[in-house]
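Hi there,

Here is the structure I promised to pass on to you. Have a look at it first, and then read on for what I found.

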Amino acid sequence: MDSFVRVLVVMAFLIGATSAGNFNTDVTITWGQPRAQILNNGQLLSLSLDNTSGSGFESKYDFLYGRFDVQLKLIPGNSAGTVTTFYMSSQGTAHDEIDFEFLGNASGQPYTVHTNVYAQGVGNKEQQFRLWYDPTLAFHTYTILWNPLRIIYMVDNIPIRVFNNYIANGVQYPTSQPMKVYGSLWNADDWATQGGQVKTDWTKAPFTATYKNYNANGCIVNGTTNSCSNKPRQSWQTMGLDANAKKNIQTLQQKYMIYNYCTDVNRFPQGLPKECGLPKF
Ligand SMILES: *[C@@H]1O[C@H](CO)[C@@H](O)[C@H](O)[C@H]1NC(C)=O
Ligand SMILES: *[C@@H]1O[C@H](CO)[C@@H](O)[C@H](O)[C@H]1NC(C)=O
Ligand SMILES: *[C@@H]1O[C@H](CO)[C@@H](O)[C@H](O)[C@H]1NC(C)=O
């Protein structure tokens, strides 16, 4: 780990989330049984992929804003062609979605962390990152923080991406459609690894990723009820980056961001999306 990130990790440890939910009470395994399993009295959830199917789960609750943490240990060895996810999505055609996806790779080659935000059915806001550690050796914490002001992606409590609410500037932002939290493991060897050139090696199946310490701290919406009404405001509801954190994320992105739609001018011949010209953090 380089020394810059080491300092951020120590700082982040001091402000990290503590409480944890239970997979038995918080999520439902929705597909790929028996490849998905809840273990250790709800403390652990493992997803597997074989040549017949992947697997996945979803939260029992719908949220309108929240902070969502999970620890994840990714597929070791040859994970080429696989995609492991932790994301949020609403239902329907003009859906909103906040993606955290982990694109596998050949043995010894680095995972790619893929992020994207959809609002009203439209995405095209991808940013991709390298990690500063091997995500297959131990559990690391991945966080989606979604409040009315911004979306913050964090790795081990270190912000890696911010997507600001620029509705006032005519940029779509998820504000009204409740989302569920999802986790999944599936085969995407037509595109995931090195542009689809490296395929899943089925002789290595089953592929397994493990989740633990899922913690959804958000506003649960059910019909017309919202669990946050009449409650004191929580810190995640207004969280943003202070001046120092803005400096840190800039340095981190210089080192670890490997793709940014905001610099992909060939992709947007009509001009880059509006938010690309507005303050980033
Ligand atoms: C899937 O893998 C199993 C176990 O390795 C093997 O027996 C089976 O033939 C494979 N099926 C397909 C469709 O490749
Ligand atoms: C896999 O490794 C190759 C070579 O290091 C790299 O170019 C690529 O970005 C890595 N990630 C994926 C998902 O292909
Ligand atoms: C939503 O509310 C209905 C009616 O009160 C209840 O039956 C249902 O279990 C609730 N859904 C969830 C996910 O809690």
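A243, K247, Q250, T251 and Q254 are the exposed residues on the face of helix 3 that is turned away from its buried side. I should say right away that this is a predicted model, so please read everything below in that light.

Staying with helix 3, the buried residues there are N248, I249 and L252. Those three sit on the same side of the helix, because the arc they cover around the axis is only 100 degrees. Helix 3 itself runs over residues 243-256, which makes 14 residues. From its first C-alpha to its last it reaches 20 Å, close to the 20 Å expected at 1.5 Å a residue.

Next, a residue you may like to pick out on screen: T82, which belongs to strand 6 (residues 82-89). Is T82 buried or exposed? It counts as buried, because it has 27 C-beta neighbours inside 10 Å, and the cut-off for buried is 20 or more. Beyond its neighbours within four places in sequence, T82 is in contact with L49, I75, G104, L185, N187, A192, T200 and F207. As for D264, it lies 182 residues away from T82 along the chain, and the two C-alpha atoms are separated by 25 Å.

A192 turns up again at ligand 2. The residues surrounding this ligand are L103, N105, Q109, P110, T112, A192, T193 and Q194. By class, that shell has three nonpolar and five polar residues, with no charged ones. Around ligand 3 you will find K60, Y61, N222 and G223; here the classes come to one nonpolar, two polar and one charged.

Finally, the chain as a whole. Its secondary structure consists of three helices and 16 strands. The C-alpha atoms fill a box of roughly 50 × 45 × 40 Å along the principal axes. The radius of gyration is 18 Å, which agrees with a compact globule, because a globule of 281 residues would have a value near 19 Å. Of the 281 residues, 36% are buried. If you take the contacts between residues at least 6 apart in sequence, 70% of them join residues at least 24 apart.

When you open the model, you could begin with helix 3 and its buried residues N248, I249 and L252, then move on to T82 in strand 6, and end with the shell of ligand 2, where A192 is one of the residues.

Happy browsing, and all the best!

How values were computed
Residues numbered from 1 in each chain as written. Chains lettered and ligands numbered in written order. Predicted model: local features only at pLDDT ≥ 70, side-chain atom pairs only at ≥ 80, totals over all residues. Near = placed C-beta within 6 Å. Nonpolar A, V, L, I, M, F, W, Y, C, P; charged D, E, K, R; others polar. Helix = DSSP H or I, 4+ residues; strand = E, 2+ residues; numbered from the N terminus. Expected span 1.5 Å × (residues − 1). Buried ≥ 20, exposed ≤ 12 C-beta atoms within 10 Å, placed from the backbone. Arc of directions from axis to C-beta. Contact = placed C-beta atoms within 7 Å. Rg over C-alpha atoms; globule rule 2.2 N^0.38 Å.
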